[in-house]
Amino acid sequence: MRQKLVAGNWKMNGSRASIKALLDGLKQGIAAVESAEVAVCAPYVYLGDVEQQLQGTPIVWGAQNLSTEASGAFTGEIAASMLQEFGCKYVIVGHSERRALYGEDDALVAKKYAVARAAGLKPILCVGEMLEDREAGTTEAVVARQLDALIDAEGVAALADGVIAYEPVWAIGTGKTASPEQAQEVHQFIRQRIAERDASVAEKVQILYGGSMNAGNAAELLAQSDIDGGLIGGASLKPDDFLTICRAAG
Ligand code: PEP
């Protein structure tokens, strides 16, 4: 049985005050989450605050990006070792916003994934098709390309201790959610594709759904057999909604 994981992606939102209030709310409600792991991925500058506030609680934390470099003259970048120093367990790699707005390609994302793992972090690899891909019937081809780039570069075993987030780009921040059937279909495809390389890795890897998951639609999505949790943007900024999703995960 794969443990469910619900991870909040705060993106570039919040302030020290709002994050304190959000975490106070999560800490109050976390006892009602029975078996799912709960994580929050914060903006870099707040990781110290998050660490202080979450240490000793069941909630874990992570970052939203990292550098491929270990240290040196890379102005504005953040290394995996720095994230580790602030107690991060997870780091998101290849979010569609980074792919679309900052030109991150499959090869760079694979490198980030590898660097994160090497530092003992758990990367959350985001994959997903754009609306035009879905309309053109190329969803599986796009997701396969994104997945294969990692498997070809790092080997399928690299997925055994990582996490994949299937995030249809057309559903991110739009209020349009993939139906449970649409999501399950792609999750099953991803697991099957991994199984073609290594069945035990495919059985182990957690595949999260992301894209306008909210308090109202989470239960149905999370009930699908290949959906092992959620990567939550907007709803992760509202403690009650986020906790409702976490409870729906178990
Ligand atoms: C995301 O950014 O990963 C995401 C899923 O956002 P939202 O939940 O707001 O669609």
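**Entry 1: Lys11 and the ligand**

I began at Lys11, where a polar side-chain atom lies 2.6 Å from an oxygen atom of the ligand. I note at the outset that this is a predicted model, and I read every distance and angle below with that in mind. I then looked up where Lys11 sits along the chain, and found it in the loop between strand 1 (5-9) and helix 1. Its backbone caught my eye as well, since Lys11 has a positive phi of about 55° although it is not a glycine.

**Entry 2: the other residues at the ligand**

Which residues come nearest to the ligand? Of the 14 residues around the ligand, I listed Lys11, His95, Glu167, Gly173 and Ser212 as the ones that come nearest. For Glu167 I found a polar side-chain atom 2.7 Å from an oxygen atom of the ligand. Ser212 makes its approach through the backbone, with an N or O atom 2.8 Å from an oxygen atom of the ligand. I placed Ser212 in the loop between strand 7 (206-210) and helix 10 (218-222), and I recorded for Ser212 a positive phi of about 55°, although this residue is not a glycine.

**Entry 3: helix 1 against helix 2**

From the Lys11 loop, which lies between strand 1 and helix 1, I went on to helix 1 itself. Helix 1 (residues 16-29) packs on helix 2 (residues 47-54) at an angle of about 25°, and I noted that their axes are 11 Å apart. Angles under 35 degrees count as roughly parallel, so helix 1 is roughly parallel to helix 2. The crossing of these two helices is right-handed. On the helix 1 side I wrote down Arg16, Ile19, Lys20, Leu23 and Lys27, which meet Asp49, Val50, Gln53 and Leu54 of helix 2. Sorted by class, this contact has four nonpolar, one polar and four charged residues.

**Entry 4: helix 1 against helix 11**

I next looked up the packing of helix 1 with helix 11 (residues 239-249), and found that the two axes come within 9 Å and cross at roughly 35°. This crossing, too, I recorded as right-handed. Which residues of helix 1 meet helix 11? They are Leu22, Gly25, Leu26 and Gly29, and they meet Pro239, Phe242 and Leu243. When I sorted this contact by class, I had five nonpolar and two polar residues, and no charged ones.

**Entry 5: helix 5 against helix 7**

Last, I turned to helix 5 (residues 106-118) and helix 7 (residues 139-154), whose axes come within 9 Å and cross at roughly 55°. Helix 5 and helix 7 are therefore oblique to each other, and helix 5 passes helix 7 in a right-handed crossing. From helix 5 I listed Asp106, Ala110, Tyr113 and Ala114, which meet Arg145, Gln146, Ala149, Leu150, Ala153 and Glu154 in helix 7. I divided the residues of this contact into six nonpolar, one polar and three charged.

Note on methods
Residues numbered from 1 in each chain as written. Predicted model: local features only at pLDDT ≥ 70, side-chain atom pairs only at ≥ 80, totals over all residues. Heavy atoms only, no water. Axes fitted to C-alpha atoms, helices over the stretch in contact; angles between N-to-C directions. Helix = DSSP H or I, 4+ residues; strand = E, 2+ residues; numbered from the N terminus. Parallel < 35°, antiparallel > 145°, perpendicular 65-115°, else oblique. Left-handed = near helix turned anticlockwise from the far one by under 90°. Contact = heavy atoms within 4.5 Å. Nonpolar A, V, L, I, M, F, W, Y, C, P; charged D, E, K, R; others polar. Near = heavy atom within 4 Å. Polar contact = N/O pair within 3.5 Å; in protein donor to acceptor, adjacent residues only side chain to side chain.
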